[in-house]
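Open the model in your viewer and show it as a cartoon. Keep the sequence panel beside it. The tour moves by selection, one stop at a time.

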Amino acid sequence: MTILGWILIIALFGIGLAGAVFPVLPGALAIYAAFFVYGWFFGFDAFGVWFWIIQTLIVVVLIVADYIVGAWGTKKFGGSRLSVILSTIGVIIGPFVIPAFGLIIGPFIGALVGELISGSSLSKSVKVGWGSLVGLFSSMVVKVILQIGMIIIFFIWMGA
């Protein structure tokens with residue numbers, strides 16, 4: 001049973017980190033679920049209230065930052081609200097429509113189309129499209145750092 005528990009925990013950590021890049025995966029919530037799997041297999045005694053407070057705060061920050069940082073890139077490059085919305089939709093459906101490159105092309109096209117619909121010039125629309133990619137990649141970096149932090153805190157807590 002011990003091996004099965006650790007396989008599930010490591011798999012959830014992997015799914016969580018992959019979720020930083022692929023928005024259709026649960027990301028931080030998978031990592032958070034790994035803590036419960038650890039508790040069910042090995043006991044919740046190792047966790048204290050501070051562990052749960054810290055990890056929950058990180059998850060909340062991750063969820064909020066994901067939207068804020070992604071939208072920041074589009075806004076920073078002059079994007080309209082419609083561009084932010086369509087860029088976000090592009091992030092979600094892009095990988096399904098164009099599996100190999102949809103994660104990059106989806107938000108770019110979403111922001112570009114959003115700006116064109118809003119009446120911006122093609123050059124400004126392309127600039128906003130690039131901004132959506134800057135926001136997307138910045139968001140990924142923030143998510144990876146915070147999710148690795150969650151995992152490190154878990155292992156430090158288990159060793160304490």
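**Stop 1: helices α1 and α2**

Select residues 2-19, helix α1, and residues 28-42, helix α2. Their axes come within 8 Å and cross at roughly 170°. That crossing makes α1 roughly antiparallel to α2. Now show side chains along the contact. From α1, the residues involved are T2, L4, G5, W6, L8, I9, L12, F13, I15, G16 and L17. From α2, they are A30, I31, A33, A34, F35, V37, Y38, F41 and F42.

This is a predicted model, so read every stop with that in mind.

**Stop 2: the whole chain**

Zoom out. The protein has six helices and zero strands. In order from the N terminus, the elements read α-α-α-α-α-α. The C-alpha trace spans about 60 × 30 × 15 Å along its principal axes.

Colour by burial next. Of the 160 residues, 40% count as buried. The protein exposes about 8600 Å², and carbon and sulfur atoms supply 80% of that area. Turn on contacts between residues at least 6 apart in sequence: 66% of them join residues at least 24 apart.

**Stop 3: α1 against α6**

Keep α1 and add α6, residues 122-159. The two helices pack at an angle of about 160°, with their axes 9 Å apart. They are therefore roughly antiparallel to each other. On the α1 side, pick W6, F13, G16, L17 and G19. They meet K143, V144, Q147, I148, I151, F154 and F155 of α6.

**Stop 4: α3**

Select residues 49-76, which form α3. Check the length of the helix against its residue count. At 1.5 Å a residue, its 28 residues should span 40 Å, and the end C-alpha atoms are 39 Å apart, which agrees. Look along the axis for a kink of about 30°, centred on A65.

A65 is also one of the buried residues of α3. The others are F51, W52, Q55, I58, V59, L62, V69, G70, G73 and T74. Their cover includes α2, α4 and α6. Just past the helix, click G78, which takes a positive phi of about 90°.

Two residues here deserve a closer look.

- Is Q55 buried or exposed? Q55 sits in α3 and is buried, with a relative accessible area of 0%. Leaving aside its neighbours within four places in sequence, Q55 is in contact with Y32, F35, M150, I153 and F154.
- V60 is also found in helix α3. At 45% relative accessibility, V60 counts as partly exposed, because the partly exposed class lies between 20% and 50%. Draw a C-alpha to C-alpha distance from V60 to L29: they are 10.0 Å apart in space and 31 residues apart in sequence.

**Stop 5: α4**

Move on to residues 81-97, helix α4. Its 17 residues reach 23 Å from the first C-alpha to the last, close to the 24 Å expected at 1.5 Å a residue. Where does the kink in α4 lie? Centre on V91: the kink there is about 40°, shortly before the proline P95.

Both V91 and P95 are among the buried residues of α4, along with S83, V84, S87, G90 and G94. Show α3, α5 and α6 as surfaces to see what these buried residues pack against.

**Stop 6: α5**

Select residues 102-117, helix α5. Its 16 residues reach 21 Å from end to end by C-alpha, close to the 22 Å expected at 1.5 Å a residue. Highlight the buried set: G102, L103, G106, P107, F108, G110, A111, L112, G114 and E115. These residues pack against α4 and α6. After the helix comes G119, whose phi is positive, near 95°.

**Last stop: L112**

Stay in helix α5 and centre on L112. L112 is buried, with a relative accessible area of 15%, since buried means under 20%. Which residues does L112 contact, leaving aside its neighbours within four places in sequence? They are L122, S125, V126 and G129. Finish with one more distance, C-alpha to C-alpha, from L112 to G129. The two are 17 residues apart in sequence and 5.0 Å apart in space.

How values were computed: Residues are numbered from 1 along each chain as its sequence is written. This is a predicted model: local features need pLDDT of at least 70, side-chain atom pairs count only at pLDDT 80 or more; totals for chains, interfaces and linings use all residues. Side-chain values use heavy atoms; hydrogens and water are left out. Helices (H or I, at least four residues) and strands (E, at least two) are DSSP runs, numbered from the N terminus. The expected span of a helix is 1.5 Å times one less than its number of residues. The bend at a residue is the angle between axes fitted to the seven residues ending there and the seven starting there. Buried means under 20% relative accessible area, exposed over 50%, partly exposed in between (1.4 Å probe, protein chains only). Contact means heavy atoms within 4.5 Å. Accessible areas come from the Shrake-Rupley method with a 1.4 Å probe; for residues, only the protein chains shown count as cover. Axes are lines fitted to C-alpha atoms, for helices over the stretch in contact, and angles run from 0 to 180 degrees between N-to-C directions. Angles under 35 degrees count as roughly parallel, over 145 as roughly antiparallel, 65 to 115 as roughly perpendicular and the rest as oblique.
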